[in-house]
Amino acid sequence: MSHAPATLTAERGSLRGATLPTWFPWAVAAGSVAAGLGISAAAGLHSDIQWGLIAALAFVAGTYGISASVEGRRQARDRIATSLVWVAFVLAVLPLASLILETVEQGAKVLDGYFLTHSMGVVADTEPGGGVYHALLGTLEQVGLATLISVPVGVLTAIYLVEYGRGRLATAVTFFVDVMTGVPSIVAGLFVLSLWIVVLGMGYSGFAGSLALAILMIPVVVRSTEEMLKLVPNELREASLALGVPKWRTILKVVLPTSIGGITTGVMLAVARITGETAPVLLLVWGTNFINANPFSDPQASLPMYIYLQYANSGGSGAAYDRAWAAALTLIAFIMILNLVARGIARWKAPKTGR
């Protein structure tokens with residue numbers, strides 16, 4: 001009887017088949033890249049996309065072939081599924097990385113302190129110099145006004161849908177929020193143009209653009225806030241109500257503080273989504289080379305419009321072309337900072353685990 005555990009262990013060990021080492025996927029990936037480069041060079045192909053696709057096919061085929069011969073077909077099918085996931089990940093990341101690297105390479109030529117603190121007021125589009133200050137100021141004001149309009153409306157709408165919404169009204173609100181989520185930005189711009197400028201007779205201004213951006217931002221805030229409120233345990237609500245606390249105070253003191261991290265993250269992501277919109281700005285704000293710090297009067301510059309105008313007037317080269325790339329890098333950096341702030345707030349406000 002004393003030898004039974006050892007015998008059982010040996011029998012179990014004999015049932016385990018051969019397993020490839022942990023470095024196997026990396027070796028296959030390196031071999032696939034070499035094969036893709038070799039086949040591309042032999043066939044006279046000069047596109048990076050072509051040898052990359054050949055390498056991806058070689059990676060999937062090599063993974064399956066080697067794994068099937070060593071580990072068996074069942075494990076090979078598992079490995080081929082994993083390899084397809086990695087190939088899809090690489091195909092998704094490469095264009096993004098290429099875009100960022102190209103923007104950094106082109107935009108770093110003129111992006112400096114002078115560029116960020118000066119406008120194009122006395123500089124022609126074909127001349128060197130000038131900056132993006134007036135456009136950066138306009139974007140901050142327009143996005144800030146859109147946030148002030150959309151966040152209260154979006155958060156209160158989400159509170160109604162989660163805490164109070166019942167019956168046909170809640171169904172109708174949910175339906176229209178879903179419809180607004182898919183509304184193109186040009187449609188929102190045309191709506192504000194017809195109502196605010198044509199019907200009411202208001203002029204072109206940064207505030208008009210903010211109204212269109214708020215329309216685009218509201219459904220994102222509603223959806224993200226709604227999902228965060230649904231994650232709050234009902235036990236917290238019931239405990240508060242059992243103590244005799246009114247429902248509105250329960251929402252204000254229990255529900256919202258519990259979900260504030262996720263709500264803030266959703267708001268930041270919505271802000272990042274509208275910052276790069278160009279169509280509403282083109283229709284409602286127009287653009288100017290001078291600093292206009294008043295978003296309620298006269299046309300105002302913005303980063304997306306600045307990029308478009310500089311590129312349109314550059315002819316594909318020259319000082320305006322460099323300024324367009326530098327403004328694009330500034331816009332990407334601005335959106336990236338917003339996303340990092342959102343992640344930081346979410347981590348800071350996340351519920352603490354343990355004691």
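How do the residues in the lining of the largest pocket divide by class, and what are the counts of nonpolar, polar and charged residues? In this predicted model, the lining has 17 nonpolar, five polar and two charged residues. The pocket holds about 840 Å³ of space. Its lining comprises 24 residues. Nearest the centre lie Val 33, Ala 56, Trp 86, Val 87 and Val 90. Two or more lining residues come from each of helix 2 (24-43), helix 3 (48-70) and helix 4 (73-107).

The second largest pocket encloses about 320 Å³. It is lined by 13 residues. Leu 99, Ile 100, Ala 328, Leu 331 and Ile 332 are the closest to its centre. By class, this lining has 13 nonpolar residues, with no polar and no charged ones. At least two residues each are supplied by helix 4, helix 13 (303-312) and helix 14 (319-349). Helix 14 provides the largest share, eight residues. Helix 4 thus contributes to the largest pocket and also to the second largest.

The largest nonpolar core was examined next. It contains 27 residues. Within it, Met 217, Leu 229 and Ile 274 touch the most other members. Helix 6, helix 9 (206-230), helix 11 (247-275) and helix 14 each give two or more residues to this core. The biggest contribution, nine residues, is that of helix 11. Helix 14 therefore appears both among the contributors to this core and in the lining of the second largest pocket, where helices are taken as DSSP runs.

Helix 6 covers residues 133-164, 32 residues in number. At 1.5 Å a residue, this helix should span 46 Å. The C-alpha atoms at its ends are 45 Å apart, which agrees with the expected span. Helix 6 nevertheless carries a kink of about 30 degrees at Ser 150. The kink lies shortly before the proline Pro 152.

One loop residue was also considered. Asn 292 sits in the loop between helix 12 (279-284) and helix 13. Is Asn 292 buried or exposed? Its relative accessibility is 16%. Because buried means under 20%, Asn 292 counts as buried. Along the chain, Asn 292 and Phe 176 are 116 residues apart. Their C-alpha atoms are separated by 36 Å.

Conventions:
Residues are numbered from 1 along each chain as its sequence is written. This is a predicted model: local features need pLDDT of at least 70, side-chain atom pairs count only at pLDDT 80 or more; totals for chains, interfaces and linings use all residues. Side-chain values use heavy atoms; hydrogens and water are left out. Helices (H or I, at least four residues) and strands (E, at least two) are DSSP runs, numbered from the N terminus. The expected span of a helix is 1.5 Å times one less than its number of residues. The bend at a residue is the angle between axes fitted to the seven residues ending there and the seven starting there. On a 1 Å grid over the protein atoms alone, a cavity is a set of points where a 1.4 Å probe fits but cannot get out, and a pocket is an open set with protein on both sides within 12 Å along at least five of seven lines; lining residues have an atom within 4 Å of a point. Grid points are joined across faces, edges and corners, and a volume is the space filled by probe spheres set on the points. Ala, Val, Leu, Ile, Met, Phe, Trp, Tyr, Cys and Pro count as nonpolar, Asp, Glu, Lys and Arg as charged, and the others, Gly among them, as polar. A nonpolar core is a set of buried Ala, Val, Leu, Ile, Met, Phe, Trp, Tyr and Cys residues joined through side-chain atoms within 4.5 Å. Buried means under 20% relative accessible area, exposed over 50%, partly exposed in between (1.4 Å probe, protein chains only).
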